[in-house]
Every structure is written in C-alpha cells, then in structure tokens.
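Student: I would like to go through this model with you and ask, for each descriptive term, what it rests on.
Tutor: Gladly; let us look at the structure first and then take the terms in turn.
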Amino acid sequence: MDFDSELDASGLNCPLPILRAKKAISALDAGQTLKIIATDPGSVKDFEAFCKQTGNELVSSGEEEGKFVFAIKKAA
Amino acid sequence: MSQRLSGPERRESILSAAQGLFANKGLHGVSVDEIARAVHVSPAILYRHFDSKQSLYDAVLEKFSCQRQSYVDTIVNHGTRFEDALAGMTQVFIKNVAENPDILKIELHSLLEGNPATLAFFQNRWKSFTDYIEFGLNEYLPYDIPNREKTILSAGLMFQGMVREALIQKCLQPQDRLVDLSLYELSNELVTLFLRSIGINKTQLSRKATISS
C-alpha cells in the first residue's frame, strides 16, 4: 500500500497521536493517505472515533510487530 | 428483602454500592460481605456477577476510563494549539471528576494502598497531561534556557499537583474562600498561571506553539 505521508507516534499517550495525526492530515490533499504508527493500545478506538467524527476514511487498522498501524485517507 | 432486578440491573446496583464503599474505605477496607449487604443480596449472588473483590474494583475503575473519547472530541473540535488543547483536556478531566468525585477518593486511597495495577491506572490518567506537557515544551521551549530538561519534567508534575489540589479543594473539601470561583474558572486560571509560570508568554504561545506533525 502506498502512503503519501507517515507519522510515527510510538511511545505517545492519548491524545498526542490524535493531535499529531490531525495536524499531519491537514497538510495533505483530499484523497491522500497518511500512515500512522502507534504503541498505545487505546489508539485503535481513538482513531476509529477520530475518523468517524472528521469524515476521513480509516482505510486500515492493524498490528505489525507489536505496534498499531493505521492508514487514513483524507476526505474530500 | 432483595428487590427482583434483571441481571444487568443487579450488576449495576452492585457496582454502584461498591463504588461508594471503595471511595469511603478503599479497596482493603471493604469486604465482599459488606458490599453484598449494602445491596441486600447474598455473597453468592454477588459472585455470579463478579469473580472477586478485585474484579469488582476493576469494573468500578473501568467505568471511569471513558474519558478518552472526550479527549478525541476535544482535539477534533478545538485547535491544535498547545494551550487550547491543554485547556480543553483539563476541562474534560475536571468534568469527569466533578460529576463523580468518588474517583478522586478512590485515587487517594489507592496512593496509600500501593496496589501496582491501581496505581498504574491512575498514573495513566495523569500521564495524558504530563506526556502532553513534556512533548509540547520539549518542542517549544528555547534550547538555551538553564536546566531545560529539569524544567520540562517538573512542569508536568506541577500541572498534575495543581489540578489535583483544585479538585480536592472544590470536590472534597469545599472552602468558603473559593466559593465565588467555580471549578471551571479555577481550572482556566490555573492553566493560565501554569503557562505564565514556566516562562511562556501566553500570547506568543497561542500564535506559534502548535504541536507539529
């Protein structure tokens, strides 16, 4: 999967990953995708809620090598 | 005689009674028998809903862990400026405690009881603030200030102490001298004082201090 930008939020606690993701997404164009890496288990629900509220699409949400990896596509 | 309740209603009534007892006496000051008596059921019925006193205690704490959603709301609906997000998070936190001061009493008991799992639960609640403050200041404080790292570490602790004491004063030991200051006003004043005391000009901060991607 191709990403237009990547954000490593490893080691950060809620709400820092969300805050940084919001900032990173604001720099993207509509339709572009941001990859986010996080270590906080609560971030799974946080990013679901974040996308539901912002209208951005949570393209994928999974675990890789003990870290949580998300792909969010910016809404039009 | 116990009133007939549905399973979920019974579970909720046990949780509610247990919360009050844990708040007033701590985890170790309450027995399963005492909780069962408070809801007029036998211990056997209580054990149908909760395996142990510890699992009941964990369920009480779990009820208070729902503020993450509000943090996400705060970030989505507020700006990404350091001071806005900090003020928004503080409002969420104090609202959560003000609506149910039992959480504060349980936290204070847990400090004395020293149960590692419980201490970790409460430390995590504060860690959202201390991490946020450390991260934000690390990016935005000038690199040449004396004792920079110590200042950043101490700032998180200072904020935690300030907010916790405000909650104790307003929720547990109402003071006459603070009667004209609501908890929310007090919280805003404290955030402002906090920013000023660590040497950050609030106007300057609001113009440039955003958390970068």
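Tutor: This is a predicted model, and we can begin with chain B, which reads α-α-α-α-α-α-α-α-α-α-α along its sequence. That pattern goes with a count of eleven helices and zero strands in chain B, and the C-alpha trace of chain B spans about 70 × 40 × 35 Å along its principal axes.

Student: What makes H1 and H7 of chain B oblique to each other?
Tutor: Helix H1 (residues 7–25) and helix H7 (residues 102–113) of chain B pack at an angle of about 45°, with their axes 7 Å apart. Angles under 35 degrees count as roughly parallel, and 65 to 115 as roughly perpendicular. The value of about 45° falls in neither range, nor is it over 145, the cut-off for roughly antiparallel, and H1(B) is therefore oblique to H7(B). The crossing of these two helices, H1(B) and H7(B), is left-handed.

Student: Which residues of H1(B) and H7(B) meet there?
Tutor: From H1(B) come B:Gln19, B:Gly20, B:Phe22, B:Ala23 and B:Asn24, and they meet B:Asp102, B:Lys105 and B:Ile106 in H7(B). Divided by class, the residues of this contact are three nonpolar, three polar and two charged.

Student: How do you know whether H6 and H8 of chain B are roughly parallel or roughly antiparallel?
Tutor: Helix H6 (residues 82–99) and helix H8 (residues 116–140) of chain B pack at about 170°, and their axes are 11 Å apart. Angles over 145 degrees count as roughly antiparallel, and H6(B) and H8(B) are therefore roughly antiparallel to each other. On the H6(B) side the contact is made by B:Phe82, B:Leu86 and B:Met89, and on the H8(B) side by B:Ser128, B:Phe129, B:Tyr132, B:Gly136 and B:Tyr140. By class, this contact has six nonpolar and two polar residues, with no charged ones.

Student: What is notable about the backbone at B:His40?
Tutor: Phi of B:His40 is near 55°, which is a positive value in a residue other than glycine; B:His40 is found in the loop between helix H2 (32–38) and helix H3 (43–49) of chain B.

Student: Turning to chain A, what makes E1 and E3 the edge strands of its sheet?
Tutor: The sheet of chain A is open, with four strands in the order E1-E2-E4-E3 and mixed pairing. E1 and strand E3 (57–64) of chain A each pair on one side only, and that is what makes them the edge strands. Neighbouring strands of the sheet are turned by 15° against each other on average, direction ignored.

Student: Why is the pairing called mixed?
Tutor: Two of the pairings show both directions: strand E1 (residues 5–9) and strand E2 (residues 33–38) of chain A run parallel and are joined by five bridges, whereas E2(A) and strand E4 (residues 67–73) of chain A run antiparallel and are joined by six bridges. Two strands pair if there are at least two bridges between them, so five bridges and six bridges each satisfy that cut-off. Among the residues that stand opposite each other are A:Asp8 and A:Ile37 of E2(A), as well as A:Ile36 and A:Phe70 of E4(A).

Student: How is the crossover from E1(A) to E2(A) described?
Tutor: The chain crosses from E1(A) through H1(A) to E2(A), and this β-α-β crossover is right-handed. In the loop between E1 and H1 of chain A lies A:Pro15.

Student: What makes the peptide bond between A:Cys14 and A:Pro15 stand out?
Tutor: The bond joining A:Cys14 and A:Pro15 is a cis peptide bond, with omega about 5°.

Student: Finally, how many residues of chain A and chain B are in contact?
Tutor: The contact involves 19 residues of chain A and 18 residues of chain B. Helix H1 (16–26) and helix H2 (43–54) of chain A each supply at least two residues of the side of chain A that touches chain B, and H1(A) gives the most, with seven residues. By class, that side of chain A has eleven nonpolar, four polar and four charged residues.

How values were computed:
Residues numbered from 1 in each chain as written. Chains lettered and ligands numbered in written order. Predicted model: local features only at pLDDT ≥ 70, side-chain atom pairs only at ≥ 80, totals over all residues. Contact = placed C-beta atoms within 7 Å. Nonpolar A, V, L, I, M, F, W, Y, C, P; charged D, E, K, R; others polar. Right-handed = clockwise from strand over helix to strand, strands pointing away. Axes fitted to C-alpha atoms, helices over the stretch in contact; angles between N-to-C directions. Left-handed = near helix turned anticlockwise from the far one by under 90°.
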